[in-house]
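I opened this model to look up how some helices pack and how two chains meet. My notes follow in the order I took them.

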Amino acid sequence: MIPNPPGLIDVYRVLPELCWCAFGVVLMLLQPFLKNRQGLTFVGLIGAAAGTLTTSIAAYGSGFNGLVQFDTFSMFFHWLVGLIAFLVILASDSYLERERLEPAEFYALILFATAGMGVLASAQELLTAFIGLEMSSISSYVLAGYRRDSIKSSEAAMKYFLLGSFATAFFLYGIALVYGATGSTYLAKFAGADPSSNLLRLGLTLILIGLGFKVAAAPFQIWTPDVYEGAPTPVTALFSAGPKAATFALLLRIFGTSEAATDFWFWAFWILAVLTMFAGNLGALVQANVKRMLAYSSIAHAGYTLVAFAAVTTMKMNPDGPAPAYGAALFYLASYSLVSVGAFTIVSELGGSGERHLTQDDYAGLGTRQPFAAAMLSLFLLSFLGLPITAGFFGKLYIFNAAIKSKLLGLAILMAVNSVIGVYYYLRLIVVMYMHEYKGTPPADEPQRLTPTAAMVVTVAALITVYLGLLPNHVLGLLIAQNPMASSR
Amino acid sequence: MALSGHLLSLLTFFPALGALALLALRKDDELWIRWLTFAVSMVEFLASLALLGKVSVGAAGYSIEEFGRWMSSPAINYHLGVDGISLFLVILTTFLTPICVMASWHGVHHRIKEFHVMLLLLEVGVVGVFLSLDMFLFFLFWEVMLIPMAFLIGIWGHDRRIYAAVKFVLYTMAGSILMLVGIIWLYNATGTFDLPAIQKIVQTGVLLLSPRTEMILFLAFFLAFAIKVPLFPLHTWLPDAHVEAPTAGSIILAGVLLKMGTYGMIRFCLPLFPDASRRAAPGVALLAIIGIIYGALVALVQPNLKKLVAYSSVSHLGFVVLGIFALTNISLQGAVYQMLAHGISTGALFLLVGMLYDRRHTFEISEYGGLATPMPQYAALFLFVVLSSLGLPMLNGFVGEYLILLGTYLVHWKWAAWAATGVILSACYLLWAYQRVFFGEVTHQKNRDLQDVSPREKWMLVTMVVITLWMGIGSPFFTVRFAASCTAVLQEMNRNVMHEVSAPTPAERPPAGMADKSMERASR
């Protein structure tokens with residue numbers, strides 16, 4: 001088969017990615033000429049927004065001989081990662097000024113990473129997915145070490161890079177084995193393959209390990225707290241949201257489309273989910289550092305998402321079809337990502353120059369010192385915790401629902417147990433903010449209030465949290481009604 | 001007319017409006033904040049009295065309902081309704097809230113605005129729980145109510161307040177998340193969150209649960225409620241929360257929050273899982289009896305007056321649970337009555353203890369003694385409330401306990417016999433505590449010139465005392481309004497049994513005629 005040369009129509013399928021990359025390049029070119037930080041931020045925001053908005057022009061269908069597929073599913077993730085990039089750039093503005101960091105490359109890297117996530121969400125072929133994964137990972141490695149003069153940041157970058165490369169190798173080796181078993185790297189070709197083939201299983205297992213590393217699923221989560229803690233906080237916000245969501249998208253594409261060995265994958269996801277939930281929640285329980293606590297909590301939330309995955313793998317035998325479980329996973333990713341960006345933005349603002357104020361003691365009495373920040377952070381924590389009228393509640397509800405529909409009562413109960421553990425450490429931070437007195441006098445350099453840009457990010461995140469908590473149907477209806485997988489076959 | 005059509009919504013959300021209005025006030029406008037909150041809660045109380053006229057006497061089912069669609073998938077509706085059982089619980093809530101505002105007039109000094117906002121939000125949550133007929137909505141209010149309560153304990157409480165607040169939330173959350181799983185399970189089986197609809201599906205046998213599944217679901221709900229009640233051995237959060245909470249917090253906590261648990265048992269456990277309830281009844285009754293006796297014994301040895309009252313709640317709520325799970329008409333009515341009576345008398349006890357704390361800043365019984373000399377009026381009122389709490393005939397505590405014991409005796413005389421020891425023990429610990437605090441010589445110099453009740457305090461207490469007396473003498477006023485609903489709950493259970501088991505055993509069938517007669521006797 002001779003592949004058709006790419007035409008204009010193929011370009012339409014990757015319009016958002018092109019747009020993000022183009023603006024990334026523009027930003028790097030602008031740097032010598034435009035010294036004004038706000039100007040660069042503005043260009044970065046335009047870039048993120050433009051890429052996201054082109055999603056609506058980009059036509060549905062497959063492109064580049066089926067390498068990518070633009071459908072509802074990938075549109076959802078393009079919107080999500082685009083929105084995250086936009087919010088993160090907006091939140092970084094004051095951070096970069098405070099830490100005296102170069103903005104142009106920072107924004108460019110965020111946009112490149114976002115483009116990589118976009119590719120991940122629409123990839124239909126493993127090597128294309130690999131390119132997307134690398135685009136987002138390599139930008140992430142650099143971003144993690146962006147505070148060059150901080151030892152922690154360099155350590156984070158180094159750890160992330162070494163372990164990340166290792167995971168990538170797993171992923172690549174998995175692709176090779178899958179190719180050996182099926183003679184193709186196209187996801188659609190898995191469907192016809194013999195599901196009990198050990199070679200295919202081994203290949204997919206390696207792929208799962210590689211991607212499991214990226215989403216910080218236990219037992220591949222060891223890097224997460226250190227990297228999240230060391231990276232500049234807006235970057236941490238990005239890590240906890242964007243790459244995670246995009247990698248989950250790829251996981252859904254692979255393990256949702258492949259018919260390979262349902263039972264086998266069910267147990268794989270079951271075990272991953274349980275381990276990840278416990279690793280995250282038990283780890284978070286003992287953290288005194290807020291950033292680190294949120295890092296562990298992000299592991300826990302990956303675990304909850306994996307519960308929905310376990311439901312996906314059983315739902316294929318279910319007459320209802322997998323749609324509710326997909327919907328649950330996507331909704332959870334969306335709600336968690338946006339709430340998490342909001343929470344990390346506040347942590348970033350409160351950190352003070354050099355990110356020195358990150359312990360729980362620094363948050364004592366925040367309720368009286370900075371009522372807005374404390375109230376918003378409490379809202380986000382309550383959403384993590386899953387209290388009604390927040391996004392997190394419906395996220396959990398849908399996952400519970402999917403798990404129970406698939407008769408995974410045991411998994412649902414384990415998730416409930418984990419939620420209760422989560423209550424403790426989220427609540428502890430709220431307690432510290434409102435019920436503890438600040439010991440000593442607040443440091444002189446402590447910001448008196450959130451900077452306007454950060455306040456904007458936080459407000460947007462808060463509005464989304466409450467909106468999804470009151471009327472989740474608008475978003476979920478979109479996700480379920482147009483079954484994301486239906487168009488990819 | 002337009003307003004009365006939305007009376008229930010108005011009742012639920014009016015305090016929230018009040019809270020919003022409070023936010024507009026300046027932080028240091030202390031008096032304004034207090035008066036505005038008081039006005040809001042009084043209006044709410046008067047509005048809730050309007051329900052009395054709407055709930056038809058002697059009719060089961062929901063007298064007024066409100067229905068609206070919230071979202072289609074999952075199918076969550078905004079469904080509120082009131083029947084005889086929830087009617088008085090709502091009124092109890094709206095009655096105790098202004099009392100709480102009054103009680104904190106001099107007791108709460110810092111962050112006054114936040115305090116009153118939290119109090120009103122708490123009222124929203126509690127009223128919402130009692131009025132919701134959609135399980136999802138119920139759960140929502142149930143959870144949302146936790147946050148203001150945790151803040152009330154954690155910010156305005158006593159020394160170990162934070163520990164108590166966190167413990168309170170963790171216990172409740174642990175139970176309620178299991179309940180959420182149960183609710184979702186039911187939703188998946190029936191396709192709706194609507195309580196009356198699910199009830200119908202369960203009753204008509206469209207949904208036939210295997211005994212094992214039914215028991216698991218029953219436990220998922222029951223555990224959440226049992227923690228809230230709290231039933232022995234899940235009660236350990238209660239002494240901490242009660243003792244550390246500010247007076248207003250304790251009043252609401254003991255007065256209405258605990259009743260959310262027993263209300264949930266009546267509203268959800270019995271009608272939805274009748275067979276499981278029946279099978280679990282002996283076990284639950286055993287725990288309730290242990291709770292009655294254990295709570296009383298621990299109260300007996302408490303050196304701390306507030307803790308004593310807290311443990312007396314464990315004991316009294318044990319009666320309520322026993323009354324519910326004896327599964328007879330009389331005992332169920334007694335349970336509902338006891339819920340109301342306990343709300344008033346224990347609320348008043350906490351109020352009284354709080355007044356003492358305002359004056360001396362200690363709860364230790366040994367710090368007091370001979371208070372009847374400097375505070376004669378206070379001592380008299382205290383005695384009245386103590387007598388009502390220990391169940392003196394003519395006062396409210398008697399009616400509930402008597403009906404519970406009578407109803408239980410009719411089916412399981414041994415249960416009633418054991419539970420009756422609780423009545424004796426409650427007389428012991430309450431009267432002994434009263435003796436130590438009020439009689440004898442004044443042992444501490446500081447107590448010699450304690451102020452007697454102020455006019456504000458007198459008003460609150462006299463109101464409560466009058467209600468205590470009224471509930472003791474005029475109990476039919478209350479019972480006729482919820483009797484039909486109680487009967488309906490049990491009928492629903494029995495119809496279900498007819499459906500599955502061919503012949504109910506005599507023990508399971510409440511002796512209806514006899515019950516009614518003794519019921520009337522009790523009310524007179």
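I first fixed what handedness means: a crossing is left-handed if the near helix is turned anticlockwise from the far one by less than a right angle, and right-handed if clockwise. I also kept in mind that this is a predicted model.

**Entry: α16 and α19 of chain A**

I looked up helix α16 (residues 371–385) of chain A against helix α19 (residues 452–470) of chain A. Their axes lie 10 Å apart, at an angle of about 40 degrees. That makes α16(A) oblique to α19(A), since the angle falls in none of the parallel, antiparallel or perpendicular ranges. I noted the crossing of α16(A) and α19(A) as left-handed. From α16(A), the contact uses Met376(A), Leu379(A), Phe380(A) and Ser383(A). From α19(A), I listed Val458(A), Ala462(A) and Thr465(A). By class, this contact of α16(A) with α19(A) has 5 nonpolar, 2 polar and no charged residues.

**Entry: α4 and α5 of chain A**

Next I took helix α4 (residues 72–99) of chain A and helix α5 (residues 103–122) of chain A. Their axes come within 9 Å and cross at roughly 165 degrees. An angle over 145 degrees counts as roughly antiparallel, so α4(A) and α5(A) are roughly antiparallel to each other. α4(A) passes α5(A) in a right-handed crossing. On the α4(A) side I picked out residues including Phe77(A), Val81(A), Ala85(A), Val88(A), Ile89(A) and Leu96(A). On the α5(A) side they include Phe106(A), Tyr107(A), Ile110(A), Leu111(A), Thr114(A) and Gly118(A). I recorded 13 nonpolar, 7 polar and no charged residues for the contact of α4(A) with α5(A).

**Entry: α2 and α5 of chain A**

I then turned to another partner of α5(A). Helix α2 (residues 15–30) of chain A packs with α5(A) at about 165 degrees, and the axes are 8 Å apart. α2(A) and α5(A) are therefore roughly antiparallel to each other. This crossing of α2(A) and α5(A) is left-handed. α2(A) brings in, among others, Glu17(A), Trp20(A), Phe23(A), Gly24(A) and Leu27(A). α5(A) answers with residues including Glu105(A), Tyr107(A), Leu111(A), Thr114(A) and Gly118(A). The classes for α2(A) with α5(A) come to 14 nonpolar, 3 polar and 2 charged residues.

**Entry: α10 of chain A**

Is helix α10 (residues 223–230) of chain A enclosed or open? I found 6 of its 8 residues buried, so α10(A) is largely enclosed by the rest of the structure. The buried ones are Thr224(A), Pro225(A), Val227(A), Tyr228(A), Glu229(A) and Gly230(A).

**Entry: chain B as a whole**

I counted 21 helices and 2 strands in chain B. Its radius of gyration is 22 Å, close to the 24 Å that the globule rule gives for 524 residues, so chain B is as compact as a globular protein of that length. Along the principal axes, the C-alpha trace of chain B spans about 70 × 55 × 40 Å. Of its 524 residues, 58% count as buried. In chain B, residues 24 or more positions apart make up 81% of the contacts with a separation of 6 or more.

**Entry: where chain B touches chain A**

The contact takes 25 residues from chain B and 23 residues from chain A. On the chain B side, α6 (135–144), α7 (146–156) and α8 (161–190) each give two or more residues. α8(B) gives the most, with 14 residues. I split the chain B side into 20 nonpolar, 4 polar and 1 charged.

Note on methods: Residues numbered from 1 in each chain as written. Chains lettered and ligands numbered in written order. Predicted model: local features only at pLDDT ≥ 70, side-chain atom pairs only at ≥ 80, totals over all residues. Axes fitted to C-alpha atoms, helices over the stretch in contact; angles between N-to-C directions. Helix = DSSP H or I, 4+ residues; strand = E, 2+ residues; numbered from the N terminus. Parallel < 35°, antiparallel > 145°, perpendicular 65-115°, else oblique. Contact = placed C-beta atoms within 7 Å. Nonpolar A, V, L, I, M, F, W, Y, C, P; charged D, E, K, R; others polar. Rg over C-alpha atoms; globule rule 2.2 N^0.38 Å. Buried ≥ 20, exposed ≤ 12 C-beta atoms within 10 Å, placed from the backbone.
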